[in-house]
Amino acid sequence: LALLLALALKSWTFAPSRGWQPCRATGDLEYFEVYSKDQFLQLLQERPAQQRSVGEQEKIERMVSFLEAENPTARAAESMSLLGRWELAFCGVNRGLKVQPALDALKEASLPETAEVQSVLLEIFQDYSMKTQVVMSSGGSPSTIERTSPLKKPPPRGEVLKEEEGFKRYVKVTYLDNDLMILRGRGASEVYRKTS
């Protein structure tokens with residue numbers, strides 16, 4: 001009887017102004033949805049990172065976990081699919097585009113961490129080097145900081161991009177195909193879309 005009562009109460013919620021109300025069946029079931037890559041790309045393209053709601057950001061974060069579990073590219077840091085220009089589309093809930101290189105660039109430009117990061121671009125070249133470009137602004141005209149660095153060869157475990165110079169980052173490629181790349185460093189996963 002106690003178990004049945006507990007299960008019954010679990011489907012209701014209490015609010016002082018309204019009393020007992022049935023719980024709305026959103027969220028819990030949605031968390032266990034399985035997402036396709038096409039759905040993921042569509043959500044990324046709907047609005048810029050700085051304009052997404054917390055709910056949209058949390059949904060993207062869940063999708064990242066599904067994609068990382070299905071990475072189609074073995075030893076991704078050695079793949080030719082890395083070559084090209086990549087634009088940051090997501091790097092965690094309530095972070096905008098503030099990955100570590102962006103925070104380093106803000107500091108170098110003497111801008112506060114509250115300044116806007118407008119874009120972060122990575123370009124990986126045939127000679128196994130990487131250029132990182134950060135565009136930011138704080139009430140004035142945009143400023144750009146770029147760093148180019150060779151990457152460690154061979155890549156550690158075939159899955160890590162390690163900058164020898166530049167921003168000196170060490171990130172694991174957790175997902176890679178011809179138009180999507182996910183990197184994971186010390187913080188949240190970073191999602192990049194290929195632009196060229």
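**Exercise 1.** Which strands does helix α3 lie across, and at about what angle does the helix run to β10?

*Solution.* The structure is a predicted model.
Step 1. Locate the helix: α3 comprises residues 37-46.
Step 2. List the strands beneath its path: helix α3 lies across β3, β8 (170-176), β9 (180-184) and β10.
Step 3. Give the direction: α3 runs at about 90° to β10.
Step 4. Turn to another helix, α5 (residues 100-108), which packs on the sheet and touches β4 (116-124), β5 (129-137) and β6. The direction of α5 makes about 60° with that of β5.

**Exercise 2.** Determine the order of the strands in the open sheet and explain why β6 and β7 each have one side without a neighbour.

*Solution.*
Step 1. Read the order across the sheet: the 8 strands follow one another as β6-β5-β4-β3-β10-β9-β8-β7.
Step 2. State the sense of pairing, which is antiparallel. In general, strands of a sheet pair through backbone hydrogen bonds.
Step 3. Examine the ends of the order. Strands β6 (143-150) and β7 (160-162) stand at the edges and have a single partner strand each, so one side of each lacks a neighbour in the sheet.
Step 4. Add the twist, which averages 30° from one strand to the next.

**Exercise 3.** Describe how β3 is joined to β10, and how β8 is joined to β7 and to β9.

*Solution.*
Step 1. Begin with β3 (residues 84-90) and β10 (residues 190-194): these strands run antiparallel and are joined by 4 bridges. Within this pair, F90 stands opposite V191 in β10.
Step 2. Proceed to β7 and β8, which pair in the antiparallel sense over 3 bridges. Here V160 has K172 in β8 as its bridge partner.
Step 3. Consider the pairing of β8 with β9, also antiparallel, over 4 bridges. Y175 has I182 in β9 as its bridge partner. The two strands form a hairpin, and 3 residues lie between them.
Step 4. Assess the cover of β8: 5 of its 7 residues are buried, and the strand is mostly covered.

**Exercise 4.** How many salt bridges does the structure hold, and which parts of the chain do the pairs D179 with K37 and R147 with E108 link?

*Solution.*
Step 1. Recall the principle: side chains of opposite charge can pair when their charged atoms come close.
Step 2. Give the total, which is 11 salt bridges.
Step 3. Analyse D179 and K37, whose closest N and O atoms are 2.5 Å apart. This pair links distant parts of the chain, for D179 is in the loop between β8 and β9, K37 is in helix α3, and they are 142 residues apart. D179 has a relative accessible area of 32% and is therefore partly exposed; K37, at 24%, is likewise partly exposed.
Step 4. Analyse R147 and E108, which meet in a salt bridge of 2.3 Å, N to O. Because R147 lies in strand β6 and E108 in helix α5, the pair ties together parts that are 39 residues apart in sequence. R147 counts as partly exposed at 25% relative accessibility, and E108 counts as partly exposed at 45%.

**Exercise 5.** Classify E159 and R157 as buried, partly exposed or exposed, and identify the network that contains K37.

*Solution.*
Step 1. Confirm the pair: E159 forms a salt bridge with R157, and their closest N and O atoms are 3.4 Å apart.
Step 2. Apply the cut-offs: buried is under 20%, exposed is over 50%, and partly exposed is in between.
Step 3. With a relative accessible area of 22%, E159 is partly exposed. R157, at 56%, counts as exposed.
Step 4. Identify the network: K37, D177 and D179 are joined into one by salt bridges that share partners.

Definitions and conventions: Residues are numbered from 1 along each chain as its sequence is written. This is a predicted model: local features need pLDDT of at least 70, side-chain atom pairs count only at pLDDT 80 or more; totals for chains, interfaces and linings use all residues. Side-chain values use heavy atoms; hydrogens and water are left out. Two strands pair if DSSP finds at least two bridges between them. Axes are lines fitted to C-alpha atoms, for helices over the stretch in contact, and angles run from 0 to 180 degrees between N-to-C directions. Contact means heavy atoms within 4.5 Å. Buried means under 20% relative accessible area, exposed over 50%, partly exposed in between (1.4 Å probe, protein chains only). A salt bridge is a side-chain nitrogen of Lys or Arg within 4 Å of a carboxyl oxygen of Asp or Glu.
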